[in-house]
Amino acid sequence: MSYCNHIRFLPKNHPYRKKKFTSSRLRNKAPSCPTIPKGTEVAEQLLSVVNNFGKGRKKRSRDEEEDSMWKKKSVFFSLPYWEVLVVRHNLDVMHVEKNVCESIINTLLDCKGKSKDHYQSRLDLQDMGIMPQLHPYEEDNITRLPPATYTLSKSEKKLFCKRLFDLKLPYGYSSKISNCVDVEKHKLTGLKSHDCHVLMQQLLAIAIRGIMEEGPRVAILRLSKLFYGLCQHVVDKEEIVQLELEAAEILCKLEDYFPPSFFDPMIHLVVHLP
C-alpha cells in the first residue's frame, strides 16, 4: 500500500503547485486537502456496520464492492461522549520516527529484504509510467536496475557506517551506536526507539554529509529538522502551523526522488504529526 500525492496537503496558492502544474486548468483540477469528518458523521456511517468476529466470518474479496469503507466498528463508539470528542486518536511520535528512520537507513544502505527500493518497486514505476530513468532494463541477458539519486556506492556505504561507528558521544546521550553498526556488511541492526530518535534528529545529518546528491540529501535533512521541531519541550502555535506546511513540502520533495513503495503508512503519518 502506497500513500503518495501529498501535494493535496499544500495550499492552493503554494509555489510548489504552480511548479508541478504549469497551467491554471491543471491547477484547478489538482487534488485538494481531504476534510476531516466529524465524530457524528463517522458514527452515522458506522450504524450499518456489524462486527463479525471468530472463524465463521467471511473475508472480503478484492472484487467485492462495499457500500462503506469501514470494516468494523470500534468499541470506543459505544461511549456516549466519543463521537463529540475533538481528538479521537493520538499518534506516537517516537514510534513514527523510529519507522521513518529505519526506512531511510535501510533504503540508503540497500539492506536486503528491508529496502523500499527493489526490483518489484521498479516494475511498479514501469507500470505507472513515472520516473523513466529508474526503469529496469536488460543487458547481456541480465536485468539491471539503474542507480537512483539516493543510491550509495560501496565506498559511500562504508563511509556512512564508519562515521556512525567512530562517533564519540557524551555519557548518557544515547546507547553505544557502534554496537549496532556493521561496517563490513553495511547495515545497522538492533536499533532501539531512542537510538532512532538520536539518529534521525542529530546523527543522520553527519552520516550523509557529502555522500549523496543534493536533492534527496536536503529533503532528508529537512525531515530531520521537522522531527527536531516537533520534539521540543515548548512549541508555539505559530510554529505548529509552519511545521504542518513544512511536513507536506518535505513529503512532496521526497516524492520527486523516492519510488511510491517508499511511502508506506508510517511515512504518510508524518504529514499528520504537527
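Let us start at one small spot: Val183 sits in the loop between β3 (181–182) and β4 (187–188). Since this is a predicted model, everything below describes the prediction. Is Val183 buried or exposed? With a relative accessibility of 13%, Val183 counts as buried, because the cut-off for buried is under 20% relative accessible area. Which residues does Val183 touch, once those up to four places away in sequence are set aside? The partners are Lys158, Cys161, Lys162 and Phe165. For one of them, Phe165, the separation can be given in two ways: Val183 and Phe165 are 18 residues apart in sequence, and their C-alpha atoms are 7.5 Å apart in space.

Now step back to the chain as a whole. How many helices and strands does it have? There are 10 helices and four strands. Reading from the N terminus, their order is α-α-α-α-α-β-β-α-β-β-α-α-α-α. If you follow that pattern with the structure in view, you will meet β3 and β4, the two strands on either side of the loop that holds Val183.

The C-alpha trace spans about 60 × 55 × 50 Å along its principal axes. The chain has 274 residues, and 36% of them count as buried. Its accessible surface comes to about 18000 Å², with 52% of that belonging to carbon and sulfur atoms. As for contacts, consider those between residues at least 6 apart in sequence: 67% of them join residues at least 24 apart. Charged side chains are part of the picture too, with 42 positive and 34 negative ones in the chain. The centres of these two sets lie 2 Å apart.

With that overview in hand, we can walk along the chain from its beginning. Asn5 belongs to the segment before α1 (15–20). Its backbone has a positive phi of about 60°, although Asn5 is not a glycine. Asn5 is partly exposed, at a relative accessible area of 26%.

Further on comes Ser74, in the loop between α3 (39–45) and α4. The relative accessible area of Ser74 is 31%, so this residue is partly exposed. How many residues separate Ser74 from Asn51 in sequence? The answer is 23, while the distance from C-alpha to C-alpha is 9.0 Å.

The next stop is helix α4, where we find Asn106. Asn106 counts as buried, with a relative accessibility of 11%. Leaving out residues up to four places away in sequence, Asn106 touches Cys111, Lys114 and Ser115.

The loop between α4 (93–108) and α5 holds Asp110. Like Asn5 earlier on our walk, Asp110 is not a glycine, yet it has a positive phi, here about 55°. At 46% relative accessibility, Asp110 counts as partly exposed.

That loop leads into helix α5 (residues 119–128), whose buried residues are Ser121, Arg122 and Leu125. Where do these three lie around the helix? They cover an arc of only 105° around the axis, and therefore they are on the same side of α5. Just after α5 comes Gly129, which has a positive phi near 70°.

Our last stop is a group of aromatic rings. A pair of aromatic rings is described by the distance of the centres and the angle of the planes. How many aromatic pairs does a search of the whole structure find? There are four. In one of them, Phe258 and Phe262 have ring centres 4.5 Å apart and planes at 25°, so this pair is stacked. Phe258 and Phe262 are both buried. Phe262 also pairs with Phe263: here the ring centres are 5.4 Å apart and the planes stand at 90°, so the arrangement is edge-to-face. Phe263 is buried, as is Phe262. These three phenylalanines do not stand alone, for Tyr150, Phe258, Phe262 and Phe263 form one aromatic cluster.

Note on methods:
Residues numbered from 1 in each chain as written. Predicted model: local features only at pLDDT ≥ 70, side-chain atom pairs only at ≥ 80, totals over all residues. Heavy atoms only, no water. Buried < 20%, exposed > 50% of the residue type's maximum accessible area, 1.4 Å probe, protein only. Contact = heavy atoms within 4.5 Å. Areas by Shrake-Rupley, 256 points an atom, 1.4 Å probe, with all protein chains shown as cover. Lys, Arg positive; Asp, Glu negative; His and termini not counted. Charge placed at Lys NZ, Arg CZ, Asp CG, Glu CD. Arc of directions from axis to C-beta. Phe/Tyr/Trp six-rings, centres within 6.5 Å; stacked < 30°, edge-to-face > 60°.
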